[in-house]
Amino acid sequence: MSVTTVRAACPHDCPDTCALRVTVDQGRVVKVQGDPDHPPTHGALCTKVSRYAERTHHPERVLRPLKRVGPKGSGRFEPISWEAAIAEIAARLKGIAARDPEAIVPYSYAGTMGLLQGESMDRRFFHRLGASLLDRTICASAGGEALTATYGGKVGMHLAHYAESKLILIWGSNSIASNLHFWTFAQQAKRNGAKLICIDPRKTETADKCHQHIALLPGTDGALALGLMRELIVNDWLDHDYIARHTEGWPGLRERAMAWTPERTAEVCGIGADEVRQLARDYGTTRPAAIRLNYGMQRVHGGGNAVRLVAILPALVGAWRDAAGGMLLSASGWFKRFRNEAALQRPDLLAGRTPRTINMVTIGDDLLRESSPGFGPKIEALIVYNSNPVAVAPESPKVVKGFAREDLFTVVLEQFLTDTADHADIVLPATTQLEHLDVHTSYGHTYALINQPAIAPLGEAKPNTQVFRELAAAMGFDEPCFRDDDETLARTAFTAELDFEALRRDGWVKLPVAEAPFAEGGFLTPSGKCRMAAPGLGLPDFVPNHESALSTPALAQRYPLAMISPPARNFLNSSFVNVKSLRDIEAEPLVEIHEADALARGIADGSIVRLFNDRGSYRCKAKLSTRARPGVVNALGIWWRKLGLDGHNVNELTHQRLTDIGRAPSFYDCLVEVAPDLTSA
Ligand SMILES: Nc1nc2c(c(=O)[nH]1)N[C@H]1C(S)=C(S)[C@@H](COP(=O)(O)OP(=O)(O)OC[C@H]3O[C@@H](n4cnc5c(=O)[nH]c(N)nc54)[C@H](O)[C@@H]3O)O[C@H]1N2
Ligand SMILES: Nc1nc2c(c(=O)[nH]1)N[C@H]1C(S)=C(S)[C@@H](COP(=O)(O)OP(=O)(O)OC[C@H]3O[C@@H](n4cnc5c(=O)[nH]c(N)nc54)[C@H](O)[C@@H]3O)O[C@H]1N2
Ligand SMILES: [Mo]
């Protein structure tokens, strides 16, 4: 066999959705590179994905179906055949479905963002079965719904135009770690004289490279946006014409904003009043001004309201008039018109049934619930794919207890024996992106991509689509749609407006989106205006954290430190934690703590500490660091529990309370105390 190069797409949950060139030699992937011709990728890859051959050919890949032989969580399995595995799953599901199909719950997220392996045959299967629906809220729904309330969709600026901005607010985003291909454009802007300001409680590697860093307290972005609005008003830095023609609801919001003096804003945000004034001056007087908002700032109680308030700012100053002005949180809404979601997922197979919906955020509580009229049937079976909930869902003590239930039947489709797979009754070996076909949209740019399989499936691994095809057959679902192959699914995924032949030929297709999409208004709302007051939501306001000195002073006395747990640069959520070369860079689970907070607690740099609150405790290494501001600790995530120090990870401490909008988790809204770990002395 000769050496070949295949066009692929990165499947991971990241705004960049890179185009890949995969080099294959003798049926083995030897190199994965960024495609130099794909504009957003421009030939560059992050460290993680440039090591993709190591992940795909990892010696610990699950390559055969496995059946549990030890207690749940022990990770003790024996191999079984595919026939036996499918037959057993079908028999168990049939038995449960005969009583109540809603006792069966799918659990999936964005382990792959591919439309085929993530949301096609699986959805058809569960719709036909009448299983519970899953509210896929674990990441972006607070911000997503807030954006839709404001603009009518998850839409924003073009990535490439950031290069021409003169001011960029990098707001709740560690771009160098989690949005690397945006950073390239931000750097171009910087070289052209733009000012870059990072708004983040943590002094990230991105903050290091900006001109200014505003280290506000977690969950106070809404207050900062209101404070900025007041300064824009009193200094008359508003674009009155744009506001009059292209927005609705400003008079009410204007009145609300006037209560946010720089002093009040500064006090709530834990920053200086001059920082508020200067930020407003920069934003009100620089053109073009762009904001790169990201999901980090919406993982708090008031995350939805905060995104609404920030999303209004570009309309107030008329920033949208320039292609290099405005803002971007997500671009995924641009794809809506080109997607054939119903044809791919077939909600019509529900045949008039409306199953209950389980919120993936509260899986810990929900697995521990009994049947009740309000909840519906007790959860009896869980089919997990493209997700590692035992590691990533909030409040692990409850999640683990739920997954450990002996009466729960759990199937996990996985590439590796994750913390979740360890709790499965049956593990089914899944292919990686280099072994299956898929098509992709993006939430950070406007190119659709195709992923051609580079190599044959390793061992007995199968694509998710194939597993659900086989399960459908075993369940006796005989609708022809369950026989669609991946090629057919790929063609079904997009409407005729997107040229599928061009996608196949070139590897990607750029959507036709105007360069300055809202220069003349034209938002995707019914009125075409940017909505400050939104139906059902009214005007946005500052919503304090579930847990903070401001909202829960008594709790804050016992647990005085705010903990955030943003991604570690070399992991992607819990993916890649088991790739040794990447784990070696991260070394071990750690918490960054400011020197003042450490000294007050007798914590030495490099020592093992215990982070705790009423929900649980977690041991890791303390790093005294100016990356942490006083009062806030940064516990970088998301380690596999079993690769941590004591079989726990940071989600031992987080809670399941939801955001104001979007039913999302509040991972970064969490009070803790930190103490030296005496057991390790
Ligand atoms: N390397 C790497 N890249 C990733 C990921 C990863 O795990 N690793 N995850 C991917 C996924 S799933 C997602 S959703 C995106 C996430 O990427 P982002 O949307 O950028 O979100 P986070 O990384 O959660 O947080 C970004 C920054 O927000 C800060 N932050 C925390 N709380 C607040 C707050 O209250 N206000 C403000 N202003 N900032 C706050 C954090 O300190 C962090 O530096 O990245 C994707 N890319
Ligand atoms: N404390 C804290 N918790 C967090 C966050 C945080 O910042 N702090 N971030 C949250 C966010 S933003 C998100 S998006 C969630 C992410 O949570 P998840 O969506 O669960 O993401 P991963 O942890 O990357 O796990 C994805 C799994 O899917 C598997 N997988 C990948 N491709 C395939 C495939 O083709 N087939 C199958 N069957 N499996 C596949 C991978 O091996 C991996 O184990 O975590 C959330 N949890
Ligand atoms: Mo995410």
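Strands are DSSP runs of E with at least two residues, numbered from the N terminus. The exercises below use this term and concern a predicted model.

**Exercise 1. The setting of Thr 525**

Task: Determine in which loop Thr 525 is found, whether Thr 525 is buried or exposed, and which residues Thr 525 is in contact with, leaving aside its neighbours within four places in sequence.

Solution:
- Step 1. Locate the residue. Thr 525 belongs to the loop between strand 20 (508-510) and strand 21 (530-531).
- Step 2. Apply the cut-off. A residue is buried when its relative accessible area is under 20%. The value for Thr 525 is 6%, and therefore Thr 525 is buried.
- Step 3. Find the polar contact. The side chain of Thr 525 reaches the backbone oxygen of Lys 529 at 2.6 Å.
- Step 4. List the contacts beyond four places in sequence. These are Thr 150, Tyr 151, Gly 152 and Arg 531.

**Exercise 2. The surroundings of ligand 1**

Task: State which residues come nearest to ligand 1, and how the residues of its shell divide into nonpolar, polar and charged.

Solution:
- Step 1. Identify the neighbours. There are 34 residues around ligand 1, and the nearest of them are Asp 200, Tyr 295, Phe 571, Asn 573 and Tyr 668.
- Step 2. Examine the backbone contacts to oxygen. An oxygen atom of ligand 1 lies 2.7 Å from a backbone N or O atom of Gly 219. A polar backbone atom of Tyr 295 is likewise 2.7 Å from an oxygen atom of ligand 1.
- Step 3. Examine the contact to nitrogen. A nitrogen atom of ligand 1 is 2.5 Å from a backbone N or O atom of Phe 571.
- Step 4. Consider the covered area. Ligand 1 exposes 900 Å² when taken alone, and the protein buries 99% of that.
- Step 5. Classify the shell. It comprises 18 nonpolar, nine polar and seven charged residues.

**Exercise 3. The surroundings of ligand 2**

Task: State what lies 2.7 Å from an oxygen atom of ligand 2, and from which domains the shell around ligand 2 draws at least three residues each.

Solution:
- Step 1. Identify the neighbours. Of 31 residues around ligand 2, the nearest are Glu 414, Ser 574, Ser 575, Asn 651 and Tyr 668.
- Step 2. Examine the backbone contact. A nitrogen atom of ligand 2 lies 2.9 Å from a backbone N or O atom of Leu 413.
- Step 3. Examine the side chains. An N or O atom in the side chain of Gln 415 is 3.2 Å from an oxygen atom of ligand 2. At 2.7 Å from an oxygen atom of ligand 2 lies a polar side-chain atom of Tyr 668.
- Step 4. Consider the covered area. Ligand 2 taken alone exposes 930 Å², of which the protein buries 97%.
- Step 5. Assign the domains. The shell draws at least three residues from each of domain 2 (66-132 + 355-450 + 458-510) and domain 4 (553-680).

Notes:
Residues numbered from 1 in each chain as written. Chains lettered and ligands numbered in written order. Predicted model: local features only at pLDDT ≥ 70, side-chain atom pairs only at ≥ 80, totals over all residues. Heavy atoms only, no water. Near = heavy atom within 4 Å. Polar contact = N/O pair within 3.5 Å; in protein donor to acceptor, adjacent residues only side chain to side chain. Areas by Shrake-Rupley, 256 points an atom, 1.4 Å probe, with all protein chains shown as cover. Domains from an automatic or database assignment. Nonpolar A, V, L, I, M, F, W, Y, C, P; charged D, E, K, R; others polar. Helix = DSSP H or I, 4+ residues; strand = E, 2+ residues; numbered from the N terminus. Buried < 20%, exposed > 50% of the residue type's maximum accessible area, 1.4 Å probe, protein only. Contact = heavy atoms within 4.5 Å.
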